[in-house]
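Here are a few exercises to work through with the model open beside you. Try each one before you read the solution.

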Amino acid sequence: MMIRARLSTLALLATAACVSLAAHAKSGWAELNMTPGVTEMSRNIYGLHMLIFWVCVIIAVVVFGVMIYSLVKFRKSKGAIPDVTLLHNTKVEIIWTAVPVIILVAMAVPAARTLVAIEDTSKTELTIKVTGFQWGWQYDYLDDGVAFYSHLDHASNAARQLGSNIDPNTVDNYLLNVDYPLVVPVGTKVRLLITGADVIHAWWVPAFGVKKDAIPGFVNEAWFKVDVDKPGLYRGQCAELCGRDHGFMPIVVDVRSKEGYAAWLKATAAQENQASAPTPTPGDAAAAPSAP
Ligand SMILES: [Cu+2]
């Protein structure tokens with residue numbers, strides 16, 4: 001009776017799992033998986049992830065298959081009697097040691113190759129310093145003298161306030177939008193120098209396959225090169241719990257055509273120069289030492 005009750009509970013759980021999986025299948029399997037992204041590197045990472053996922057699936061099917069078959073076929077109630085001559089078998093032990101070692105080495109080779117490529121920041125064409133702070137990001141175009149802060153956008157910030165009475169569902173890209181996105185050109189190897197101003201943050205944009213810690217006192221490097229035919233807006237978030245407003249410091253990257261980027265850079269540089277130009281004020285004149 002006890003066993004039958006347990007079996008029916010198991011069957012119920014299995015049915016529930018199937019139903020929830022079917023519901024997900026309807027909304028698309030892609031939602032459950034990593035994104036292949038929009039860079040060659042993100043596709044490599046995705047390919048590696050799928051390769052190792054399927055290796056794990058095959059191993060699980062074989063191992064659990066043999067185990068379940070043995071449990072059912074040779075159970076005590078069927079009168080199975082252990083064969084003592086099978087308690088030790090050197091040949092079998094060598095096989096089940098060697099096979100996993102070969103599989104592990106075979107997986108380590110492509111993984112190591114991809115890891116080395118991720119760290120290869122040579123021949124970059126554009127360098128941007130990224131500083132995480134509580135709570136936002138600062139982008140500093142080191143070669144072009146353009147720098148600005150990027151915060152959570154106004155609409156999300158208003159809706160998130162306690163008692164705002166604004167339905168978050170009415171806000172586009174709620175908590176995933178910023179006032180000033182990072183702007184980069186397509187088809188360009190962009191190097192990021194990532195650091196932190198106060199505590200540890202992490203700059204994470206899944207579509208680029210980039211996730212790097214922003215640590216005060218350290219400069220971490222990362223790079224990405226967006227496909228020429230994939231301009232657009234890409235979103236990410238801080239990926240290191242950094243304090244009260246950790247959930248309110250999203251990342252938006254605006255990937256533009258090379259011409260579009262050049263125009264943006266020119267306009268932004270002009271705007272920033274104008275803003276920082278010293279303008280004499282009456283107060284300054286009064287404070288200046290007067291001629292005797
Ligand atoms: Cu954070």
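**Exercise 1.** In what sense do β2 and β3 pair, and over how many bridges?

*Solution.* Keep in mind that this is a predicted model. Start with the pairing: β2 and β3 run antiparallel to each other, with five bridges between them. Next, pick out a pair of residues: Tyr-139 sits opposite Phe-148 in β3. Finally, check the connection. The two strands make a hairpin with four residues in between, and Gly-145 in that turn has a positive phi of about 70°.

**Exercise 2.** Work out how β1 and β2 are joined, then place Trp-135.

*Solution.* First, the strands: β1 and β2 are antiparallel and share six bridges. One of the pairs to look for is Phe-133 with Gly-136 in β2. The hairpin between β1 and β2 passes through two residues, and Trp-135 lies in the loop between these strands.

Now look around Trp-135. Beyond its neighbours within four places in sequence, Trp-135 contacts Asp-245, Phe-248 and Met-249. Take Asp-245: it is 110 residues away along the chain, yet the two C-alpha atoms are 6.2 Å apart. As for burial, Trp-135 has 18 C-beta neighbours inside 10 Å; buried takes 20 or more and exposed 12 or fewer, so Trp-135 is partly exposed.

**Exercise 3.** Is Ser-150 buried or exposed?

*Solution.* Find Ser-150 in strand β3 (residues 146-150). Count its C-beta neighbours inside 10 Å: there are 20, so Ser-150 counts as buried. Then see what it touches past four places in sequence: the list includes Gly-136, Trp-137 and Tyr-139, along with Val-178 and Asp-179.

**Exercise 4.** Does helix α2 lie largely in the open or is it mostly buried, and what end-to-end span should it have?

*Solution.* Do the span first. Helix α2 covers residues 40-73, which is 34 residues, and at 1.5 Å a residue it should span 50 Å. Its end C-alpha atoms are 49 Å apart, so the two values agree. Now burial: two of the 34 residues of α2 are buried, so the helix lies largely in the open.

**Exercise 5.** Which strand gives the most to the largest nonpolar core?

*Solution.* Begin with the core itself, which has 32 residues; Val-130, Leu-192, Trp-203, Val-205 and Val-253 have the most contacts inside it. The top contributor is strand β10 (residues 251-256), with four residues. To finish, follow Val-253: leaving out residues within four places in sequence, Val-253 is in contact with Pro-181, Leu-182, Val-184, Val-205 and Tyr-234.

How values were computed. Residues numbered from 1 in each chain as written. Predicted model: local features only at pLDDT ≥ 70, side-chain atom pairs only at ≥ 80, totals over all residues. Contact = placed C-beta atoms within 7 Å. Expected span 1.5 Å × (residues − 1). Core = buried A, V, L, I, M, F, W, Y, C linked by C-beta atoms within 7 Å. Pairing = 2+ DSSP bridges.
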